[in-house]
Amino acid sequence: MKKKRALFSCKNRLRPVYLSGGGRPGPLAGRKRGRIYIDGSNELSMHYIVLDLEWNQPISWQSPVYRKIGDKLIFEMIQIGAVKLGEDLSITDSISLPIAPTHYVQIHPRIRRMTGLGAEELAGAPAFREALEQFAAWCGEDYTLLTWGCDDVSVLQQNIDFFECGDIPLAPLCDIQKLFAEVHELKDRPSLQKAMEQVNIQPDEQMAFHNARNDAWYTALVFQTLPEPEKALQHALTPKNLIHKPRKSRERTPAERFASARAALESDTALKPTCPRCGRILALDGEYIMQSPDKYISIGKCRNHGRLLLRLRLEKTEDGEVTLQRAAAPATHANIAYVHTKQYAARQRGAVLDPDAGLDHVTRSNMPFEERAF
Ligand SMILES: [Zn+2]
């Protein structure tokens, strides 16, 4: 009994941090395969497979791997679980497919705690493509996927897009949670556990929540209680873009050490700056302009967030090395005009500067970055 309460006290399943409003056609729209949602031309099958997914997330939003990938892959799937239902909606088969992550290879401690899936459990598991192929083969043909809520479809689509698996055929997904909330006239969408409580389904002590197969199983049990279960087909899901909750629009990197100012200016920190909000690598809009031997500025462009003013701050250390900090903040029109003018002037001069020459003699200002450098 104690154990059951413990199960119920589990936190709600981990939701994507932020789902942007509205669906999107996505890169796979209009293709026969790769779509896991409905465009109006599909006829939905009444052979049901209930699906649930578990996924890993970056250890930190500052982690090098997330900063590199950005929002293209926020949640990397680590388990597919599903149950097949017969005509009378009884469970006829189930599957659990672990997936070895290839990007967020370190399982977030919270995810490990919740799912019981760690590096050890996932060792030797197939990668995403192979697991999805196995799942598609297990599904067969002529079926509709059902799931609890709108998160799984978005995570699944993002993984399909990221790993370029649009060629693997999958049926559309429909939402049981929405139908459940309608039937029970609930204002808020209930968690799976709450829904189970509502219809008096006791969790099995041997079947912990946050295991994809177990959650799919429980979802199927809830589905069986619905008076007109086929109405779930009216709640076709459209994947949403997954975006990590926007971070601050400005950022300053921690100081990094380099052998010289030249090395610092040629580093990825300088030449591959990332957007503070989405982590994408910015396109540099022209070269850095030296304002003083310890200060450089340029403009970077983010596909999503526009132009940013980039400022590099160099400092000579006591042992002769150079530290570099990069700051990024949304650029004003004045910033952009200023940098472009200076870049033009520098090109006219054509002089090649030695970045290490003047750095010894810089008179330090108290401000690490002056907000109004111009
Ligand atoms: Zn951005």
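**Close-up 1. Strands S3 and S4 pair in the antiparallel sense.** In this predicted model, S3 covers residues 76–85 and S4 covers residues 91–98. Seven bridges join the two strands. One of the pairings involves alanine 82, whose bridge partner in S4 is isoleucine 95.

**Close-up 2. A hairpin links S3 to S4.** Five residues lie between the two strands. Look for leucine 89 in the turn. Its phi is positive, at about 70 degrees.

**Close-up 3. Helix H9 has the span expected of it.** H9 runs over residues 212–224, which makes 13 residues. Why should the helix span 18 Å? The expected span follows from 1.5 Å a residue, taken times one less than the number of residues. The C-alpha atoms at the ends of H9 are 18 Å apart, so the model agrees.

**Close-up 4. Helix H9 is mostly covered.** Eleven of its 13 residues are buried. Among them are Trp217, Tyr218 and Phe223. Asn214 and Asp215 are also on the buried list, and so are Ala212, Ala216 and Ala220. What covers these buried residues of H9? The cover includes strands S2 (48–56), S3, S4 and S5 (144–147). Helices H7 (176–183) and H8 (192–198) belong to the cover too. The hairpin strands S3 and S4 thus appear again here, over H9.

**Close-up 5. The whole chain puts these views in context.** The chain has twelve helices and 14 strands. Of its 374 residues, 36% count as buried. Among contacts with a separation of 6 or more, 73% come from residues 24 or more positions apart.

Notes. Residues numbered from 1 in each chain as written. Predicted model: local features only at pLDDT ≥ 70, side-chain atom pairs only at ≥ 80, totals over all residues. Helix = DSSP H or I, 4+ residues; strand = E, 2+ residues; numbered from the N terminus. Buried ≥ 20, exposed ≤ 12 C-beta atoms within 10 Å, placed from the backbone. Contact = placed C-beta atoms within 7 Å. Pairing = 2+ DSSP bridges.
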